[in-house]
Each structure stands twice: as C-alpha cells, then as structure tokens.
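Work through the exercises below with the sequence and the model open. Try each task before reading its solution.

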Amino acid sequence: MAIENEALAKELAKIQTYYKDDPQQSKFNVLLMGESGSGKSYFSRTCRFPIHFDSFDPGGTKCVRRWIEEGKIIADTKYEAEDPKHPSAFEKWKNDFDWREKNGYFKMFGTYFLDSSTTWAMSIMNHILKKAGIAGDAPRFTKDYTPQKVEIRNWMQRILNLPCDVVVTGHLKLDEDPDKGRIFRYMTTGDGAIVIPLMFDELWVMRTKETSQGVEYQLLTKSTGMYMARSRLASDGKIETVEKPDMKELRKKVKLSIEDKPLFK
C-alpha cells in the first residue's frame with residue numbers, strides 16, 4: 001500500500017529501521033531448567049564464546065574446566081561459598097555486576113551464563129534476612145518475600161538487557177498437581193517461580209534418557225508429560241519439541257548468528 005502522507009511514511013520507516021537495527025532482536029535469552037546432573041552447566045560449552053560464567057552452585061564449573069583452561073569460559077566462582085548465617089554472595093555479585101555493566105565489560109562476551117537462578121535467588125533472600133538482622137532464620141512471609149521479589153525482578157531485567165546472549169539455569173522440583181498429576185516445576189524461593197520464567201523468551205528443560213548406547217541428553221522446548229517448557233522461536237516450526245542440547249545449532253536453525261567474539265589474549 002502506498003503511503004502518500006510524508007509524515008506517516010517517515011514514521012513507518014523509522015519504526016522498521018529501529019526493529020532492524022535493534023540488538024535485542026538478534027539476542028537469545030533462555031531459562032534452562034533441569035534436575036541435578038541433567039547437563040545444564042555443561043550446556044554452556046555450546047554457547048557463543050567467550051562466556052562469562054557467574055557460578056552460585058558449588059562445583060558447578062567443574063564440568064567445563066577444559067573450556068575455562070582454553071580461555072573460552074571466564075568463570076567467577078566466588079559466589080559459591082555462601083554461609084546463610086554470614087551471607088555475602090549477593091553483595092559481592094551485585095557490586096561486581098554494577099562495575100562490569102558500567103564499564104562495558106559484558107560487551108566483550110558472546111554469552112552471559114548464570115548458574116543457577118535457584119541458588120542466586122536464595123542468596124538474595126539471605127541478603128535480605130541479613131539486612132533485617134535475622135540472618136540464618138526462616139523468611140517472614142509478610143516482610144521478606146516482597147523485597148526478594150522486587151530484587152529478583154529488577155536484577156533479572158538488568159541481566160536480560162546485557163549486550164550478549166543470556167542463559168540462566170534453574171533447578172526443578174517434583175510436585176503433585178491435582179489436574180496434571182506428577183509434574184516438574186521451576187524451583188526457587190518466594191514469587192521467583194512466577195516472576196523469573198515470565199521474563200524469558202525461551203523456557204527449556206534439560207533431561208536425560210537411558211538408551212542402549214548409554215545416557216542421552218535431550219533438550220525440551222515445548223511442554224510434554226511431566227515437564228513444562230515453551231519457545232517463542234519455535235512458533236515457525238524450525239525448532240522441534242525435542243532437540244539436541246546445542247545452543248549454536250539452535251541459533252543456526254532460526255537464522256541467528258553463531259559467530260563467537262574474539263577470545264582474550
């Protein structure tokens with residue numbers, strides 16, 4: 001349709017140009033869920049390098065030691081050693097994140113990897129309880145969960161605005177649903193189980209399957225059986241319900257770049 005009004009034509013062109021040049025449209029953000037041992041941390045080796053890896057799960061980086069030694073993964077493990085009675089992990093992380101974000105540190109990376117949101121959210125609650133003078137105690141339902149929810153939402157939005165791909169892992173717990181029976185749900189404290197998934201484009205589940213050849217690692221992109229997943233990128237049929245857990249291959253399927261950024265010397 002020809003647009004004869006010059007002002008309207010310019011507005012349309014401006015919107016189309018913005019969409020084409022918007023870096024957010026070429027980025028990938030994934031909440032990668034799974035049980036312990038399902039290969040969530042190991043998945044990082046398939047992402048675009050270099051990868052900044054913030055680890056809140058004790059020992060979570062051991063499976064990618066080779067890529068750390070090769071300089072493809074830069075792992076910050078100082079947040080793993082959290083003591084609920086003397087919490088410090090979240091305070092350290094937010095100070096580091098603030099400095100790195102303001103100084104353009106993340107522009108050097110192909111992927112930001114947070115492992116895991118479950119323990120990260122726990123560290124936020126520990127921080128809130130410490131500020132309230134009750135470190136190590138149980139959270140107070142009417143006083144502590146709302147501040148945690150606000151911190152989770154605000155910080156996760158900053159993570160998702162980073163100038164690189166974002167992969168955040170999360171643990172699953174088995175629940176009994178009155179309508180669906182036994183089902184795995186995303187595990188975190190407070191309202192994080194609702195807030196965090198809503199912020200992501202992709203909700204994927206890592207699972208293992210026993211085969212005659214041994215254990216096979218699978219990636220679910222859509223809900224099936226006991227697992228809940230979804231994919232906005234799968235709407236055009238290019239991504240299957242069950243995929244090989246390989247980030248670059250999935251980016252290639254939806255015609256996004258798989259190019260790494262230069263490694264550090």
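**Exercise 1. Describe how helices H4 and H5 pack.**

Solution. Start with the axes. Those of H4 (residues 117-131) and H5 (residues 145-160) come within 10 Å and cross at roughly 130 degrees. Axes are lines fitted to C-alpha atoms, for helices over the stretch in contact, and angles run from 0 to 180 degrees between N-to-C directions. Next, name the arrangement. H4 is oblique to H5. Angles under 35 degrees count as roughly parallel, over 145 as roughly antiparallel, 65 to 115 as roughly perpendicular and the rest as oblique. Then take the hand: the crossing of H4 and H5 is right-handed. That term applies if the near helix is turned clockwise from the far one by less than a right angle, and left-handed if anticlockwise.

Now list the contact (heavy atoms within 4.5 Å). H4 supplies Trp120, Ala121, Ile124, Met125 and Ile128. H5 supplies Tyr145, Pro147, Gln148, Glu151, Ile152, Trp155, Met156 and Ile159. Sorted by class, the contact of H4 with H5 has 11 nonpolar, one polar and one charged residues. Ala, Val, Leu, Ile, Met, Phe, Trp, Tyr, Cys and Pro count as nonpolar, Asp, Glu, Lys and Arg as charged, and the others, Gly among them, as polar.

A note on the source: this is a predicted model, where local features need pLDDT of at least 70, side-chain atom pairs count only at pLDDT 80 or more, and totals for chains, interfaces and linings use all residues. Residues are numbered from 1 along each chain as its sequence is written, and side-chain values use heavy atoms, with hydrogens and water left out. Helices (H or I, at least four residues) and strands (E, at least two) are DSSP runs, numbered from the N terminus.

**Exercise 2. Do the same for H3 and H4.**

Solution. The axes of H3 (residues 89-102) and H4 come within 8 Å and cross at roughly 105 degrees. H3 is therefore roughly perpendicular to H4. On the H3 side, the contact uses Ala89, Phe90, Glu91, Trp93 and Lys94. On the H4 side, it uses Trp120, Ser123, Ile124 and His127. The classes are five nonpolar, two polar and two charged residues.

**Exercise 3. Place serine 117 and isoleucine 159: buried or exposed?**

Solution. Serine 117 lies in H4. Serine 117 has a relative accessible area of 0%, so it is buried. Buried means under 20% relative accessible area, exposed over 50%, partly exposed in between (1.4 Å probe, protein chains only). Leaving aside neighbours within four places in sequence, serine 117 contacts Leu31, Val168, Thr169, Gly170, Tyr186, Thr188 and Ile196.

Isoleucine 159 sits in H5. Isoleucine 159 is also at 0%, hence buried. With neighbours within four places again set aside, its contacts are Trp93, Phe97, Tyr112, Leu114, Trp120 and Val166.

**Exercise 4. Count the disulfides and check cysteines 63 and 164.**

Solution. Apply the rule: a disulfide is a pair of cysteine sulfur atoms within 2.5 Å. The count comes to zero. Cysteine 63 is partly exposed at 36%. Cysteine 164 is buried at 2%.

**Exercise 5. Inspect the backbone at proline 50, serine 116 and lysine 255.**

Solution. Recall the background: most residues other than glycine have a negative phi, and most peptide bonds are trans. A cis bond joins phenylalanine 49 and proline 50, with omega about -15 degrees. Proline 50 is in the loop between strands S1 (29-34) and S2 (51-55). The bond from aspartate 115 to serine 116 is cis, with omega near 0 degrees. Lysine 255 has a positive phi, near 60 degrees. Lysine 255 is exposed at 67%.
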